[in-house]
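Okay everyone, thanks for coming. I'd like to walk you through a structure today, so get comfortable and have a look at the screen.

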Amino acid sequence: MTDMTLIPATATALPAPFHARHLIGGRTCDSADGAVTDRLSPAHGTLVSRAAKGGTAEVDAAVAAARAALAGWAATTGKARAAILLKVADLIEINATQMALLECLETGKPISQARGEVTGSADLWRYAAALARTHKGDSHNSLGADMLAVVLKEPRGVVSIITPWNFPIWILSQKLPFALAAGCTCVIKPSELTPSTTAMLGDLLMQAGLPEGVANIVLGEGQPVGARMVSHPDVDMVTFTGSSAVGRAIAAEAGKSLKKVALELGGKNPQVIFPDADLDSAADAVTFGMVFNAGECCNSGSRIIVHADIAEAFTARVVALSGQVAFGDPLHPDTQVGAIVTPEHAARIDGFVHAAKAAGARVTLGGGPLSIPGLGGQFYAPTVLTGVTADMAIAREEVFGPVLSVLTFRTLDEAIALANDAAYGLSAGVWSENVHTCLSFARRVQAGTIWTNTWMDGFPEVTFGGMKQSGLGREIGSYGLEEFLEVKSVAMRVGRTRAPWVKTV
Ligand code: NAD
């Protein structure tokens with residue numbers, strides 16, 4: 001039995017509930033019918049926020065405001081757009097303490113991690129500001145003496161942005177500043193579970209001088225708010241991060257009107273560990289990949305594929321390290337893993353673990369809810385399952401909890417086949433001191449991001465996105481901006497050199 005490191009309830013006084021409101025046409029408002037959604041802290045059970053709960057009327061008003069603002073914003077210089085984005089970044093940093101607290105209390109994630117995500121998102125705004133001034137099209141000056149062509153990049157138009165609950169401000173910042181840098185106007189919907197930091201950001205956008213209607217926020221649920229943001233005829237593009245099931249529904253609906261769609265979906269991300277790897281670093285990264293954000297992370301390293309010769313000893317290292325990770329009150333500065341987002345989601349994680357046991361997997365660590373002294377919220381123990389085979393649901397489906405499946409291999413080909421034996425293709429990792437092994441893996445594994453001898457490092461400059469069922473399109477980096485740009489070719493004749501096509505008599 002591995003001892004766990006538990007952080008009991010802290011005595012921190014919780015703030016008064018935050019009132020989150022829509023932002024439509026530059027004005028904050030509640031829903032016309034007064035409907036609201038309450039959000040309780042997953043760790044503490046106390047009221048964190050009361051948010052306006054919108055409907056199709058709010059979406060229609062927000063889309064109309066975004067459409068009305070489009071021509072003006074699209075004509076604004078890159079310099080002026082960048083100045084506003086930089087101001088937003090400063091304001092995020094100034095307000096980081098309150099934003100991090102709300103993010104921590106609505107998601108259940110640790111306060112130190114929430115703070116890192118809030119300040120990190122400011123950097124995404126700064127990077128997008130740089131792109132606003134520097135992006136450009138192409139010129140073709142070798143088409144002949146009488147021909148010059150240019151490829152212009154134009155904003156796609158009105159963009160619907162729909163985000164999930166696991167990294168609310170971070171994921172919004174992977175999309176919104178890039179859309180604004182491109183000259184698009186937006187309608188935004190955060191998850192109904194985590195509305196507050198998005199609503200706060202709305203206030204900051206106005207303080208930064210973003211013109212009315214350029215960014216609009218409608219709070220509420222997938223049905224009807226998200227669905228209307230997809231089907232609305234005056235929306236040109238939808239960018240969505242969330243589950244593959246909802247992503248498929250969005251792509252099908254958007255297909256009816258041939259809207260451009262960008263999707264960031266789930267993952268079943270493998271890390272392959274070769275015997276020649278730095279096994280201390282690998283075990284640390286595997287532990288991190290399993291429990292970070294309580295496993296509620298698209299990049300969760302939820303399965304490892306370990307060489308059979310070292311599998312038992314390596315798994316024992318991961319189990320020992322997991323016992324040293326501090327699980328507990330998200331408000332405590334030392335906590336590394338907090339609460340599961342909802343009781344229903346905690347039950348779903350447990351269902352996966354029970355099904356894996358019934359299918360023949362062995363529970364080497366954890367395997368059930370975790371009791372944190374003084375807290376009634378839903379916590380889940382770090383869980384390591386061995387004896388997992390590739391056909392089991394636990395090896396194939398996204399669990400979205402702190403649960404690791406251990407599979408084994410003997411040859412590079414076998415490891416790559418197992419890594420690719422998944423419907424998803426978001427990220428993958430390889431651990432080996434042999435550069436040839438790492439490069440072969442990087443070239444042959446189907447994933448949008450490959451990490452070699454590291455896990456989950458990300459940078460605004462380095463694009464991110466999924467292959468296969470993990471998504472369509474890319475975010476951040478210069479590719480992230482391109483998603484929001486339409487391409488137009490302009491061919492120009494120089495001089496009166498064109499021979500007539502019609503042969504006149
Ligand atoms: P979800 O799909 O349930 O919801 C995401 C958003 O879509 C929410 O705002 C929700 O209200 C909205 N929505 C629900 N139904 C809708 C509909 N019919 N039309 C339009 N919008 C609708 O996902 P979730 O539970 O909030 O988040 C977890 C999922 O997100 C996981 O699958 C995870 O892998 C994925 N995710 C992916 C990435 C990535 O970058 N690839 C990042 C984070 C999370």
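Let's start with a pocket. Helix H4 (111–134), helix H5 (168–182) and strand E22 (449–452) each give at least two residues to the lining of the second largest pocket. One thing before I go on: what you see is a predicted model.

So, which element supplies the largest share of that lining? That's H4, with 5 residues. In total, 29 residues line the second largest pocket, and nearest its centre you'll find Trp170, Gln174, Asn299, Met456 and Gly458. Sorted by class, the lining has 15 nonpolar, 9 polar and 5 charged residues. The volume comes out at about 710 Å³. And if you're wondering about domains, at least three lining residues come from each of domain 1 (12–265 + 470–489) and domain 2 (270–452).

Now for the largest pocket. Its volume is about 920 Å³. How many residues line the largest pocket? The count is 37, and Trp165, Phe240, Gly242, Ser243 and Val246 are the ones that lie nearest the centre. Have a look for helix H7 (222–231), strand E12 (237–241), helix H8 (244–256) and helix H11 (343–358) on the screen: each supplies at least two residues of this lining. H7 has the largest share, with 5 residues. By class, we get 17 nonpolar, 12 polar and 8 charged residues in the lining of the largest pocket. Here too, domain 1 and domain 2 each put in at least three residues.

Okay, let's leave the pockets and turn to a sheet. There's an open one made of 3 strands, in the order E2-E6-E5, with mixed pairing. Which strands sit at the edges? Those are E2 (18–20) and E5 (36–40), and each of them pairs on one side only. From one strand to the next, the twist averages 20 degrees.

Zoom in on E5 and E6 for a second. E6 covers residues 47–52, runs antiparallel to E5, and is joined to E5 by 5 bridges. If you want one pair to find on the screen, try Thr37, whose bridge partner in E6 is Ala51.

What lies across these strands? Helix H3 (residues 96–107) lies across E2, E5 and E6, and H3 runs at about 95 degrees to E6. Helix H6 (residues 196–207) packs on the sheet as well, touching E2 and E6. The direction of H6 makes about 70 degrees with that of E2.

That's my tour, so over to you for questions!

Conventions:
Residues are numbered from 1 along each chain as its sequence is written. This is a predicted model: local features need pLDDT of at least 70, side-chain atom pairs count only at pLDDT 80 or more; totals for chains, interfaces and linings use all residues. Side-chain values use heavy atoms; hydrogens and water are left out. Two strands pair if DSSP finds at least two bridges between them. Helices (H or I, at least four residues) and strands (E, at least two) are DSSP runs, numbered from the N terminus. Axes are lines fitted to C-alpha atoms, for helices over the stretch in contact, and angles run from 0 to 180 degrees between N-to-C directions. Contact means heavy atoms within 4.5 Å. On a 1 Å grid over the protein atoms alone, a cavity is a set of points where a 1.4 Å probe fits but cannot get out, and a pocket is an open set with protein on both sides within 12 Å along at least five of seven lines; lining residues have an atom within 4 Å of a point. Grid points are joined across faces, edges and corners, and a volume is the space filled by probe spheres set on the points. Ala, Val, Leu, Ile, Met, Phe, Trp, Tyr, Cys and Pro count as nonpolar, Asp, Glu, Lys and Arg as charged, and the others, Gly among them, as polar. Domain bounds come from an automatic or database domain assignment.
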